[in-house]
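Open the model in a viewer and keep the residue selection panel at hand. The stops below are given in the order in which to select them.

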Amino acid sequence: MLQRIYINANSIEEAKRLATEKFKKTEEDLKLTIFRENPPTVFIEADITDIKDEVYKLVSNFFEKVFDFYSITGKVYEPEISDNYFIVKIETSNDQLFAKNNAYVLLTLQELINLVGKKYFGFEPRIVLDCKDYRLHRNNFLKSIALKKAEEVKRTRRTFIFYPLDSYERKIIHMTLQDDPEVVTESEGNSKYKRVKIILKSNYKNFKK
């Protein structure tokens with residue numbers, strides 16, 4: 001599925017090179033357009049499945065160093081694409097290292113690999129790391145909290161605001177409640193980590209008038 005992707009670099013020419021090199025297509029095929037000169041940015045229309053192999057190579061090389069650093073063995077699985085995110089599962093000889101303390105190490109590495117990916121591709125590739133079924137448990141937790149808080153909003157008629165979440169986890173909440181006829185969700189904030197608000201639909205309509 002084609003999507004609009006913004007690519008940043010040190011110059012327009014470098015941004016063009018990144019786009020054509022990483023997606024292996026011509027500027028015409030990508031419908032490449034200069035978005036702005038400062039900072040140098042172009043946008044393209046592309047399918048992220050075209051960079052799946054590049055993402056796999058990037059993550060594999062990254063974790064070779066991670067495994068060496070922690071003196072463990074491990075395996076990186078090929079990315080699975082879900083809603084424009086690359087879900088990458090790892091297995092190691094010490095999975096508990098990555099899963100303990102609310103997956104602090106795993107999430108820190110996720111932040112780092114996306115920074116590396118942004119430099120490599122010119123845009124953040126939205127890599128989501130998983131280990132020891134952390135994502136399964138975390139997603140179920142977010143869905144459960146979203147449903148519980150939605151009922152609370154209906155009962156109290158007061159808006160509930162989540163703590164800051166990344167875009168992947170915000171999407172879980174939005175999708176969980178998208179078919180609820182009585183509430184609406186929206187993200188607020190200007191940083192990468194935004195808060196999700198659950199709002200009673202009748203209050204939301206009055207607020208938007």
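This is a predicted model. Begin by selecting Phe 160 and Ile 198: Ile 198, in strand E10, is the bridge partner of Phe 160. Then show E8 and E10 as a pair; the two strands run antiparallel and are joined by two bridges.

Widen the selection to the sheet. It is an open sheet of three strands in the order E8-E10-E9, with antiparallel pairing. E8 and E9 are the edge strands, each pairing on one side only.

Next, pick Lys 149, which lies in helix H5. Is Lys 149 buried or exposed? Its relative accessibility is 17%, so Lys 149 counts as buried, the cut-off for buried being under 20%. Show the contacts of Lys 149, leaving aside neighbours within four places in sequence: Phe 160 and Ile 198 are in contact with Lys 149. These are the two bridge partners from the start of the tour.

Now select the whole of helix H5, residues 134–156. How far apart are its end C-alpha atoms? They are 32 Å apart, which agrees with the 33 Å that 23 residues should span at 1.5 Å a residue. Just after H5 comes Arg 157, whose phi is positive, near 65°.

Colour the buried residues of H5: Tyr 134, Arg 135, Arg 138, Asn 139, Leu 142, Ala 146, Lys 149, Ala 150, Val 153 and Lys 154. An α-helix has 3.6 residues a turn, so residues three or four places apart point the same way. To see what the buried residues of H5 pack against, add helix H4 (95–121), helix H6 (167–177) and the strands E7 (127–131), E8 (160–161), E9 (183–188) and E10 (195–200).

With the sheet still shown, compare how two helices are placed on it. H5 lies across E8, E9 and E10, and runs at about 40° to E10. H6 lies across E9 and E10, running at about 165° to E9.

For the last stop, keep H4 and add helix H3, residues 52–70. The axes of H3 and H4 are 11 Å apart, and the helices pack at an angle of about 130°. H3 and H4 are therefore oblique to each other. Their crossing is right-handed. To inspect the contact, select residues on both sides, including Leu 58, Phe 62, Phe 63 and Val 66 of H3 and Val 105, Leu 109, Leu 112 and Ile 113 of H4. Tyr 70 of H3 and Phe 121 of H4 are also among the residues that make the contact.

How values were computed. Residues numbered from 1 in each chain as written. Predicted model: local features only at pLDDT ≥ 70, side-chain atom pairs only at ≥ 80, totals over all residues. Heavy atoms only, no water. Helix = DSSP H or I, 4+ residues; strand = E, 2+ residues; numbered from the N terminus. Expected span 1.5 Å × (residues − 1). Buried < 20%, exposed > 50% of the residue type's maximum accessible area, 1.4 Å probe, protein only. Contact = heavy atoms within 4.5 Å. Pairing = 2+ DSSP bridges. Axes fitted to C-alpha atoms, helices over the stretch in contact; angles between N-to-C directions. Parallel < 35°, antiparallel > 145°, perpendicular 65-115°, else oblique. Left-handed = near helix turned anticlockwise from the far one by under 90°.
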